[in-house]
Structures are given as structure tokens and as C-alpha cells.
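Welcome, and take a moment to turn the model around before reading on. The paragraphs below walk through it step by step.

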Amino acid sequence: MLSRFHHYHGSNIILFEDNTVAYRKTSFAHGLTFSEKPLLPGEIFLVEIEKTERGWSGHMRLGLTLLDPQTAALGDKGLPQYALPDLANTGMSWIFPISKSQNNVISTFELVNQGSVRRDNDSRVSVLGNGHSVRTPRGFVSKMILRPQNLSQKGSPQGILPMDAGSRIGVMYVPCPKTSKDEPDLAEMHFIINGEEQGPCAKAIPYMSGPLHAVVDVYGTTKRVKIIQLYGVNSLQNICRDAILQYVKNNSVKSLPLPQCLKDYLLS
């Protein structure tokens, strides 16, 4: 199933390529977009910044909302101009700005809702797991596709900051473990920036209260974003690559007895 943007969106947004690309035609306001379908627990919604525009302050905002896009758009006030602070102030949304400061959401994003930000340095297990693929409710996702596509020969991003064109940014939520049946059903929101999972940036999300849509505010310097399709049918070539990488570490690929073109593909 193709992932698309919702047909209700901010007045300055134009959708094209079967509603998979969102373009802010003017100004820096009224750039709200939403996922067409609510996200499942553990499902990743990933976008790539395709185009930026200088002269504005701030960058794309991303998060989750319990508000139904259609209901909000057809209401008396319509959709708000901004995700921050307007949409976040409804108390039913968890949204953060994408900042310049490398891939560290936890320490650089300010909390704008009733959730909490984890600021400790305790060791934890990444929600993406330790393998080369991520198990999600809609199937396995290769970690390679979560990363920018313009990589160096060493397989690392070529100086791409989170708000740059080519940057890939995802959002997901995972239910919090319960120690008793009486505890409420809550979830944590996680960002994935250029393939790196950032840890929980918001907690105490009542995900059983209603469907959670992804929110992308095409704000400030961010001009155009594209949804990266994670859940289509994989080619046999990609499946073989993912299978090989399950057993071979990235830094060992160069020593494999393979033609250079195949090594490059494994690291792509």
C-alpha cells in the first residue's frame, strides 16, 4: 500500500506525484501536512527533504497528532497556520522542530506538550534493533533506506545536516511497557534522523485514545518533502542484499571476494 499525504492540508501546500510529495508554494505558514492513514505502533513514517529555500528562519516540524485532519480542516477555525505552537497547543499533538544541531533530538528539542524528554545517558536498546532490517507491523524495512542516498565511499552521509536537502527523517511510536494492568496505555515517540534512532523525544502519549497521524509542517527553509516508500514489494536484488548484510558487517564488505560494483551496491 502506497503511503501518501492526507488530502486535507494547509492552504499553501500543493500535493503531487500521487500525493506523495508536498510543496509549500509561498510564505512560510499554512504548510501543515498529515499522513493519509494513521500509523500503527512501530510503523515508520519517513520523509526526505527534496528542496530548501534560503531566507527563512526555522525548519521542518515533525510529530504525531490525535486530531483527525478532515475534522480539523472542516471545523470553524480550519487548520492552524503552524504546527508550533498552534497545533501543539491543542494538547492532542506532539511536535518538535528539526534543528541544525546534528542528530541529537533528545538534548536539543524543547518540549512543547505534556510529554517528557529523556535527558539521561543510560544505556538502552534501540527501537530499530541491532540487525540490518527493522521489524515493523507492515513488514521488514532495510536500515539502508532510512539513510540519505548520497553517501561517501565509506558508506556514511556526506555532511548532511538534519534540515538539509537529501536528509531523511522519520517518526514512529512504540507502546511503553506496563508493570501492571491498572497502568494506562501510553507510548513514546521516536525520531529517526538519517538512519540514526534518537531515543524517545516524547512520552506519555495516550495512543489508545484514537488514531495517531504523522504531522509534517513544511515550514521555514524546508520547501518540499517526499514520502519514502518503505512498505512496497522489494525486488529480489534488494532482498538478497539485505540477507547478505544480516551476516556481514558494513566494515567487512570491502574484503568480500566480489566485484567492486557489487560491493558498492551492498553499501548503497
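**A walk through the fold**

Strand 5 (residues 61-65) and strand 6 run antiparallel and are joined by five bridges. Keep in mind as you look that this is a predicted model. Two residue pairs help you find this spot: arginine 61 has proline 97 of strand 6 as its bridge partner, and leucine 62 stands opposite phenylalanine 96 in strand 6. Strand 6 is mostly covered, with four of its five residues buried.

Let us widen the view from this pair. Strands 5 and 6 belong to an open sheet of four strands with the order 3-12-5-6 and antiparallel pairing. Which strands stand at the edges? They are strand 3 (32-34) and strand 6 (93-97); each has a single partner strand, so one side of each is left without a neighbour in the sheet. On average, neighbouring strands of this sheet are turned by 20° against each other, direction ignored. As background, strands of a sheet pair through backbone hydrogen bonds, either parallel or antiparallel.

Just ahead of strand 6 in the chain comes a stretch worth a pause. Alanine 88 lies in the loop between helix 2 (83-87) and strand 6. Is alanine 88 buried or exposed? With a relative accessible area of 3%, alanine 88 is buried, because the cut-off for buried is under 20%. Alanine 88 and threonine 65 are 23 residues apart in sequence, and their C-alpha atoms are 8.4 Å apart in space. Helix 2 itself contains proline 85, and a cis peptide bond, with omega about 0°, joins leucine 84 and proline 85.

Now for the whole chain. Its secondary structure comes to five helices and 13 strands. Of its 268 residues, 45% count as buried. Among contacts between residues at least 6 apart in sequence, 66% join residues at least 24 apart.

The next stop is a hairpin. Strand 10 (residues 187-193) and strand 11 run antiparallel, with five bridges between them. Histidine 190 has proline 200 in strand 11 as its bridge partner. Strand 11 (residues 196-205) is mostly covered, as seven of its ten residues are buried. Two residues lie between the strands of this hairpin, where asparagine 194 takes a positive phi near 50°. Asparagine 194 is buried, with a relative accessible area of 4%.

Another asparagine invites a look alongside it. Asparagine 19 sits in the loop between strand 1 (13-16) and strand 2 (21-24), and its phi is near 60°, a positive value in a residue other than glycine. At 24% relative accessibility, asparagine 19 counts as partly exposed. Why point out such angles and the cis bond? Most residues other than glycine have a negative phi, and most peptide bonds are trans.

Strand 10 also leads us inward. The largest nonpolar core has 32 residues, of which Phe5, Phe45, Met189, Phe191 and Val216 touch the most other members. Strand 10 gives the largest share of this core, four residues. A second, separate core has twelve residues, including Ile44, Leu128, Ile192 and Tyr231. To get a feel for such surroundings, follow methionine 189: leaving aside neighbours within four places in sequence, its contacts include Leu64, Trp94, Phe96, Pro200 and Ile205.

Threonine 222 offers one more inside view. Threonine 222 belongs to strand 13 (residues 222-227) and is buried, with a relative accessible area of 0%. Not counting residues up to four places away in sequence, threonine 222 touches Arg24, Ile49, Lys51, His59 and Met60.

What about the cysteines? The structure holds zero disulfides. Cysteine 176 counts as partly exposed at 23% relative accessibility, and cysteine 240 counts as partly exposed at 40%.

Finally, a word on confidence. The protein chain averages a pLDDT of 86, and 85% of the residues score at least 70. Where does pLDDT stay under 50? One place is residues 102-122, for which the model has 50 contacts beyond four places in sequence. Another is residues 152-156, with six contacts beyond four places in sequence. Where pLDDT is low, the predicted coordinates should not be read in detail.

Notes:
Residues numbered from 1 in each chain as written. Predicted model: local features only at pLDDT ≥ 70, side-chain atom pairs only at ≥ 80, totals over all residues. Heavy atoms only, no water. Buried < 20%, exposed > 50% of the residue type's maximum accessible area, 1.4 Å probe, protein only. Contact = heavy atoms within 4.5 Å. Pairing = 2+ DSSP bridges. Disulfide = S-S within 2.5 Å. Core = buried A, V, L, I, M, F, W, Y, C linked by side-chain atoms within 4.5 Å. Axes fitted to C-alpha atoms, helices over the stretch in contact; angles between N-to-C directions. pLDDT = per-residue confidence, 0-100.
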